[in-house]
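Q: Hey, got a minute to walk me through this one? I'd like to go piece by piece.

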Number of protein chains: 6
Amino acid sequence: MPKKIAAFGEVMMRLQVPGYDMLSQADTLRYSFSGTGVNVASALARFGHTGYLVTRLPENPLGEAALAYLRKLGVAPPFVGRGGRYIGMYFLENGFGARPSRVTYSNRSESSFNTAPQDAYDYNAIAREADVVHFCGITLAMNDLVRTHMKTLASVAKANGRTVVFDCNYRPVLWGDAGYSLAKPHYSDMLRLADIVFMNEKDAIHLLGMKTDRENWRDQVSELIPAVAREYGISVIAGTHRTINEDLTHSLQGFMYKDKAFVFSRELSFAVYDRIGAGDAYAAGIVHGEMEGLTPDVTVNFAASAAMLAHTVAGDTPMASEPEVLRAMTEAISDIER
Amino acid sequence: MPKKIAAFGEVMMRLQVPGYDMLSQADTLRYSFSGTGVNVASALARFGHTGYLVTRLPENPLGEAALAYLRKLGVAPPFVGRGGRYIGMYFLENGFGARPSRVTYSNRSESSFNTAPQDAYDYNAIAREADVVHFCGITLAMNDLVRTHMKTLASVAKANGRTVVFDCNYRPVLWGDAGYSLAKPHYSDMLRLADIVFMNEKDAIHLLGMKTDRENWRDQVSELIPAVAREYGISVIAGTHRTINEDLTHSLQGFMYKDKAFVFSRELSFAVYDRIGAGDAYAAGIVHGEMEGLTPDVTVNFAASAAMLAHTVAGDTPMASEPEVLRAMTEAISDIER
Amino acid sequence: MPKKIAAFGEVMMRLQVPGYDMLSQADTLRYSFSGTGVNVASALARFGHTGYLVTRLPENPLGEAALAYLRKLGVAPPFVGRGGRYIGMYFLENGFGARPSRVTYSNRSESSFNTAPQDAYDYNAIAREADVVHFCGITLAMNDLVRTHMKTLASVAKANGRTVVFDCNYRPVLWGDAGYSLAKPHYSDMLRLADIVFMNEKDAIHLLGMKTDRENWRDQVSELIPAVAREYGISVIAGTHRTINEDLTHSLQGFMYKDKAFVFSRELSFAVYDRIGAGDAYAAGIVHGEMEGLTPDVTVNFAASAAMLAHTVAGDTPMASEPEVLRAMTEAISDIER
Amino acid sequence: MPKKIAAFGEVMMRLQVPGYDMLSQADTLRYSFSGTGVNVASALARFGHTGYLVTRLPENPLGEAALAYLRKLGVAPPFVGRGGRYIGMYFLENGFGARPSRVTYSNRSESSFNTAPQDAYDYNAIAREADVVHFCGITLAMNDLVRTHMKTLASVAKANGRTVVFDCNYRPVLWGDAGYSLAKPHYSDMLRLADIVFMNEKDAIHLLGMKTDRENWRDQVSELIPAVAREYGISVIAGTHRTINEDLTHSLQGFMYKDKAFVFSRELSFAVYDRIGAGDAYAAGIVHGEMEGLTPDVTVNFAASAAMLAHTVAGDTPMASEPEVLRAMTEAISDIER
Amino acid sequence: MPKKIAAFGEVMMRLQVPGYDMLSQADTLRYSFSGTGVNVASALARFGHTGYLVTRLPENPLGEAALAYLRKLGVAPPFVGRGGRYIGMYFLENGFGARPSRVTYSNRSESSFNTAPQDAYDYNAIAREADVVHFCGITLAMNDLVRTHMKTLASVAKANGRTVVFDCNYRPVLWGDAGYSLAKPHYSDMLRLADIVFMNEKDAIHLLGMKTDRENWRDQVSELIPAVAREYGISVIAGTHRTINEDLTHSLQGFMYKDKAFVFSRELSFAVYDRIGAGDAYAAGIVHGEMEGLTPDVTVNFAASAAMLAHTVAGDTPMASEPEVLRAMTEAISDIER
Amino acid sequence: MPKKIAAFGEVMMRLQVPGYDMLSQADTLRYSFSGTGVNVASALARFGHTGYLVTRLPENPLGEAALAYLRKLGVAPPFVGRGGRYIGMYFLENGFGARPSRVTYSNRSESSFNTAPQDAYDYNAIAREADVVHFCGITLAMNDLVRTHMKTLASVAKANGRTVVFDCNYRPVLWGDAGYSLAKPHYSDMLRLADIVFMNEKDAIHLLGMKTDRENWRDQVSELIPAVAREYGISVIAGTHRTINEDLTHSLQGFMYKDKAFVFSRELSFAVYDRIGAGDAYAAGIVHGEMEGLTPDVTVNFAASAAMLAHTVAGDTPMASEPEVLRAMTEAISDIER
């Protein structure tokens, strides 16, 4: 049965150099609008749910364009506030082979989202409407204003019996030199409020300061994740492990820890067209499985296939429908469909 | 010595989303005009022959654009009639890796070609002018009107001592639920009229209802194709076997049965840029070999190389000249030509 | 106070050659999705209302793309059904100066909309939800199936006390040789159900067979429109008169007849970027004025300004917000806004 | 009744900066292939005749592209020779308003056409096949090799009773400092061979050294053109007069002198999209009128309308069909055609 | 004799929607880099001088792209510092006819230029190298840090006997509600340091609080400008008056006050392709005239023609060379140059 | 410490068909300007040196565009002369898989560079300013005029104690049938003047007529290169060996012979985006290492990494900065940088 999911997060304008040129070579950009919240809400809408975004956009042509784009993605707009003056942006230059892709951020600290005043969001209305509320560690890195919105909304949601989802998504560059020590208390707050958490063994070690003697990632996950779940009272913890192969294909394996048991997905290997946003597809897949009451085994493989497909479409935002993910779970690569 | 080949078939407008976007992401399309007949006539023109197309286009800007495009491809226009109102279309979204390409057809049932009246074509003039007349199973799936044109033209050509070529090209989606049982009598009619036929072991099994206990495709071909040739009195039967490899390259091997003997081409493996129309390049290669009196071994390898090259150019229609195919038959992949 | 408007009509795919090339010169198309209903619903959404579209789209990538585009335009999707196989299309080649623009239609008779079965729409749900229901004469030209949907929905809406809007939009090419005589009874049915009607003096003369000795369009309007209103019991009749000037600018004047009185807008002259859809902007402006209870004088000038602005944006669908129309009503052409 | 026209001339590659950028601002070019001969042959093909081009193209990818483009334009290829190494090119930067358009030539002196050896063309075959042979003063400026081809072909055509057409098309930059004195003997040779000549009063004065006291162009034409016709024994002389108006529209009036009588076309004023090649459309219009036996009055107005329409399409080559020119002769500028 | 001009100012990234789409309709942007300083330095480089830019760019791909673009424009880079993290940006949507163009700024307050530390620029080295130093009122609106750089550099330049140029360029939106009262003291400081000033009658009235009873702009200029020159000890004051005509062409007239005498340029009327940056072309023209010792009459007409041409090229930055401006001063609009 | 390098060579206009179309399929080209000298000067500028180009460009819009492009690339323009009429050009069609890329040259023999008169370059000024002067065997193939410039400049540079670099770059097509015998004396002259030479075993065998019985390229290099160094008195000889692998990746290994010792770089394997210009990146890397006094081992690996990265960017000209090359030398292929 379809559920209602509200994702809290900033909308970023993505400005991508077409093809494989660098900014100093080209003169055109292709733009779209995304963000973890956008991606998760849109992906869940394609899986048949209602995907709300809780955010704030400026009242100008950029805000208008962002809102139109969100609607096109299938994101439900009633909790999108308007106000402030700016929208966060990032520039993407595609790498090729030995030359890595590059992301350059514009100043997002004065964006409409990051300057949203105290009364910007109606926490209770959101908590009433949504079955699930989704948060992301990128948002947690912004400033106290935003963190207050985030923790308050999570608390109100929890108090209303809603499922709280938190994706750690730790980005070193956003936390500066103080890094993990600055981040840890905020992450702890969110982990304590969360029912479903996305993290991996590195988050446990670096963010939460846990220790392990094991070397293999699966061993580390197996040791650390149950400890995190126990400590913070989390029902479900899921994550992925990515390998970049010599031939530039990627391999991805997902895991999910629930009811004191691990399931691991098949390891999928695939060519990559657009790397960004694949983690959000995985997260949406896990949330979908949980909402639909699928078995952990089906859920984790569904999520991994959703993540794989997200690497094959342009833009940050996953575009695969539920039947398309299901087919990718089961079928060999096929010839043209006609 | 160059020959004159007339191909009977519909011109389709191909509307392709550039790059790897889906229709719901993009806002531009690149268009061209193709069809089995177009592809075969154009390919044979590049091999030095005269390639006529026998078809019908509307008297409107779309028909004008299609005709200009056919001329550009080197197709000779005297047997292109004008009339009716519509042109068939299909939309192509390129897949990437784990995401398959998708073809979506517009309504072609009321196209100028599929509504051509009884007196639309001058069968005798065509049979007088052309040394070879080519037909395709896609056309056979349209409607009774078109099937009558097709069988009549084939009969008149045969009566005039022309070589009749028939490519089975069975497309399940065009025949609906009744499928093979609906198609079989029409295919039988065409096979009986044909001198050169393109088919493979699956056609023999599903279309013609033949049976085999063998499992390997080469074994199946070796058992079934001679039986077909015998039953329908066909001089030459040729076909290909395609494998899609893990790394998304394709492997292709061609065969040709003539004078009770099989020849198989080398198995070619290659990267694929544009999949559609490669079968028509193979067919044109076989017809070229037969017209030029090449040995079966040369013919089947020429055709396989032509098919391989057709995977490397944009659009449905093969673009390689005879010297280019000959070079691809013999040389290693080379560095840039300058 | 914002209202809810439901527009009933077909979604067409518009495929436009970029710049001033003809189809036989170019190889790319820009596509979008529009239609009278789309344009009116979207325009009213930009004026602050909720704009529903009542239509039917295929369950394939084209239908998906159309639906995403409608959402982007701000059209509310709950009454968009899915089913059938095709979408209507038209190709647009921009003219330049002495060379007129050309529109070429693909076959729309088998579109999802034009083959919608009896139970395709929930008339009662629509009539419950919408304050206003909008219909268009283009739809009336399709076939009996569609006409039945149209008249039934109009009747149910009227029975529920909703405002019924009908835009005559007579297109000769759609009615064939029988033309006006074929159309008249259907138009009469709709006029009798309508509260607000869009028509002009030519519709009165040709469609309804009325007669006048006057020669000037304003004189003809002044004589004929009150007679139409009386005969069919219509509250509001509005329309426009267009002149194409020597320098290729257009001049437009709107009129509105209500409570036995005429108001005419100022005559506006302006350069034209995209001609298609301007009439729908005018209609949306009149409906907006009526819904908001504006005076006829303000309403008719608002509608004319909305129509003028619709000539300045790419695509069929008006994009101007209410404040933008208000500013265009009052201000001189301004220098760049920064 | 359709005739066969052979035009002798060089194919140039046109490389145009899109929009209004200059070469130092942009990084893309749009290319096509044209030339006076190309334009005249193509225009006459659109009027229903067969248009041959007599030229020479290199055996390389540029020659291949040129030939495909000629076919697309409807030019008949049997007299297009292959050989040599280069193709002439010119770069076009569109001006805007006060900034004029700029044309920059690449080196054409070593093009395949301008280095065609003595036996490159089969003069007799051309003269046998074509009813009319067309030449242009641009070709006359190239070198002695080309001039010999040109005069020989004209002589052979005349000797075979074919109609010889010569368009003066004097381009100062091609003749260098010696200019008119260098050009005059060659022009005289061609004028003596020609039946139909395109020139204006400036050609008579500067090229042929004639004198007049009159100041108005119509007066000058009226005095000088009959003298030219008498001196060189020319049946038909036609030309145009162009004015560039303040608002950047152009005005064009055509004249035709035949049987000792002048006819002048209506003066047409129109917006200009692509200026190049309009004179060739005029020439094709006059040739068409003469071939079809139209009255001079109809012919000159047909030619002027063809020239006007040629200003409205992209590229050097006229694209209007005979019905399109006829409609432009008689109708007001119309609203969109649908 | 060529001079060396250093312009102090911020580099902005301009992101323009191609054609006439709005941000909510399109998905591509064309980008370039500009700013008053960039435009003036580049324009003077095209007039044969050395044009330095004094600015600061981030050490990231955007800064790299900006620097490459400046070099392409002919701006000399030795005084371009690197540091900080961001670059200012603005989005441009082209209007059409009745729909005005729109500029939307991103947050520039934290740009590399606007956060340049105290030791960012070597004032003495700049004053040693440059004959002329140019400043702009837009820069003056930024913050105290930037204003200190600006006034210090102007003082050092003046102390070294260099010519100080100041363009008032008052932009209301940058000064907020306090507006003129906030700006006046800073403008006064700069006016006192300047030798050549660009301003008009509105600046005198609003910025400097001067009063006049006259109504016509030329009368106001004639009364107020001499008073400004007197009060602030300015050698040359120049400016322009712009009118937007009904047909969307612009008319521009320049003035220059020097040695207690006014000269006015001819009033030029022209079509507009890209409005932004035309004022900078005018300023560069005046500076060029003064540096070259031209008479005021020639100078002001040269500057006005340079401004006119700047409206005809894409991008903010003037592209016309000295000979191109000279030709535009004297010649009628010409046919294509070839 | 940064050095000053002057590269002598022709600027070519590169006109590339976008994507994988052939010239006969497409209608747009992307253009840039390059050449061995351009590539080497630009690459060394990105490594922190000053890169002059010694060349000659026409005084027309193409020359203007080339100069702007050189500036954008970071090439220092003081030794770029202006004069002559043409610029050399080449067309590039990208191959795909089994279909090789194709380069088609326009006529470069009359280019501004190849017709530069005796006094075109100030040899002494160049030799005074530059620490290093770079020459290329492509230039040597042009004509006697150019060869005289080349050898004179090399002699003057050597006489002034500058480092002379010579890249053999033998292109068979430029030397015609006489080939190696025609080229050898000119190559010998340059080798005798050179301090640093780029060549490989094939050059030693074919160009210099040396013999070896060994079969492996490393063995051949080890035998022949020391002999060349001895005979011609060359300090440093470097080169590369390229293998094209089955999966279309390339493998590259560099060598450097100095002080009687060989060093070989690691063999690098990588995907190729743009093959042209990679050799120039290698040369620039070696020159950089020598100028900076790096050990041969570091130098040859730096050069090989620079060459590898040059295969990953669009255009002929290397774009990698020194830190980017250093990182590519040491790190594994990384995930997206953000």
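Q: Let's start with strand β6 of chain C. How many bridges join β6 (residues 88–93) to β7(C), and do they run parallel or antiparallel?
A: Four bridges join them, and the two strands run antiparallel. Bear in mind that this is a predicted model.

Q: Which residue stands opposite E93(C) there?
A: That's R102(C), in β7(C).

Q: What sheet do those strands belong to, and in what order do its strands come?
A: It's an open sheet of eight strands, shared by chains B and C. The order is β7(B)-β6(B)-β2(B)-β3(B)-β3(C)-β2(C)-β6(C)-β7(C), and the pairing is mixed.

Q: Which strands are at the edges?
A: β7 (102–105) of chain B and β7 (102–105) of chain C, each of which pairs on one side only.

Q: And how much are neighbouring strands turned against each other?
A: By 30° on average, if you ignore direction.

Q: What does helix α2 of chain C lie across?
A: Strands from two chains. Helix α2 (residues 61–73) of chain C lies across β6 (88–93) and β7 of chain B, along with β2 (12–16) and β3 (28–34) of chain C. The helix runs at about 65° to β3(C).

Q: OK, switching to chains A and E. What order do the strands take in their sheet?
A: That open sheet has eight strands too, with mixed pairing: β7(A)-β6(A)-β2(A)-β3(A)-β3(E)-β2(E)-β6(E)-β7(E). Its edge strands are β7 (102–105) of chain A and β7 (102–105) of chain E, each pairing on one side only. From one strand to the next, the twist averages 30°.

Q: How many bridges join β3 of chain A to β3 of chain E?
A: Three. Strand β3 (residues 28–34) of chain A and strand β3 (residues 28–34) of chain E run antiparallel. In that pairing, R30(A) stands opposite T28(E) in β3(E).

Q: Where does α2 of chain A lie?
A: Helix α2 (residues 61–73) of chain A lies across β2 (12–16) and β3 of its own chain, together with β6 (88–93) and β7 of chain E. It makes an angle of about 65° with β3(A).

Q: What turn lays chain E on chain A?
A: A turn of 180° with a shift of 0.0 Å along the axis, giving an RMSD of 0.0 Å. That is the relation of a two-fold axis.

Q: Which residue of chain E comes closest to that axis?
A: L29(E), whose C-alpha is 2.6 Å from it. The same surface serves both copies, with 100% of the contact residues of chain E recurring in chain A.

Q: Now B and D. How many residues are in contact there?
A: Four residues of chain B are in contact with four of chain D. On the chain B side, by class, that's one nonpolar, one polar and two charged residues.

Q: What rotation superposes those two chains?
A: A rotation of 180° with 0.0 Å of shift along its axis puts chain B on chain D, at an RMSD of 0.0 Å. Of the residues of chain B, K72(B) comes closest to the rotation axis, at 2.2 Å by C-alpha. Here as well the same surface serves both copies: 100% of chain B's contact residues recur in chain D.

Q: New topic: how is chain A divided into domains?
A: Into domain 1 (1–120) and domain 2 (235–332). Their C-alpha centres lie 22 Å apart, and the contact takes 18 residues from domain 1 and 17 residues from domain 2.

Q: Which elements give two or more residues to the domain 1 side?
A: β3 and α1 (36–46) of chain A. The largest share, eight residues, comes from α1(A). By class, that side has seven nonpolar, eight polar and three charged residues.

Q: Last one, H311(F). Where is it in the chain?
A: H311(F) is in the loop between α11 (296–310) and α12 (322–330) of chain F.

Q: Is H311(F) buried or exposed, and why?
A: H311(F) counts as buried because it has 25 C-beta neighbours inside 10 Å, and the cut-off for buried is 20 or more.

Q: What does H311(F) touch further off in sequence?
A: Leaving out residues up to four places away in sequence, H311(F) touches H250(F), F270(F), V272(F), Y273(F), D274(F), R275(F) and A278(F). As for G277(F), it is 34 residues from H311(F) in sequence and 8.0 Å away in space, C-alpha to C-alpha.

Note on methods:
Residues numbered from 1 in each chain as written. Chains lettered and ligands numbered in written order. Predicted model: local features only at pLDDT ≥ 70, side-chain atom pairs only at ≥ 80, totals over all residues. Pairing = 2+ DSSP bridges. Axes fitted to C-alpha atoms, helices over the stretch in contact; angles between N-to-C directions. Contact = placed C-beta atoms within 7 Å. Domains from an automatic or database assignment. Nonpolar A, V, L, I, M, F, W, Y, C, P; charged D, E, K, R; others polar. Least-squares fit on C-alpha atoms with pLDDT ≥ 70 in both. Buried ≥ 20, exposed ≤ 12 C-beta atoms within 10 Å, placed from the backbone.
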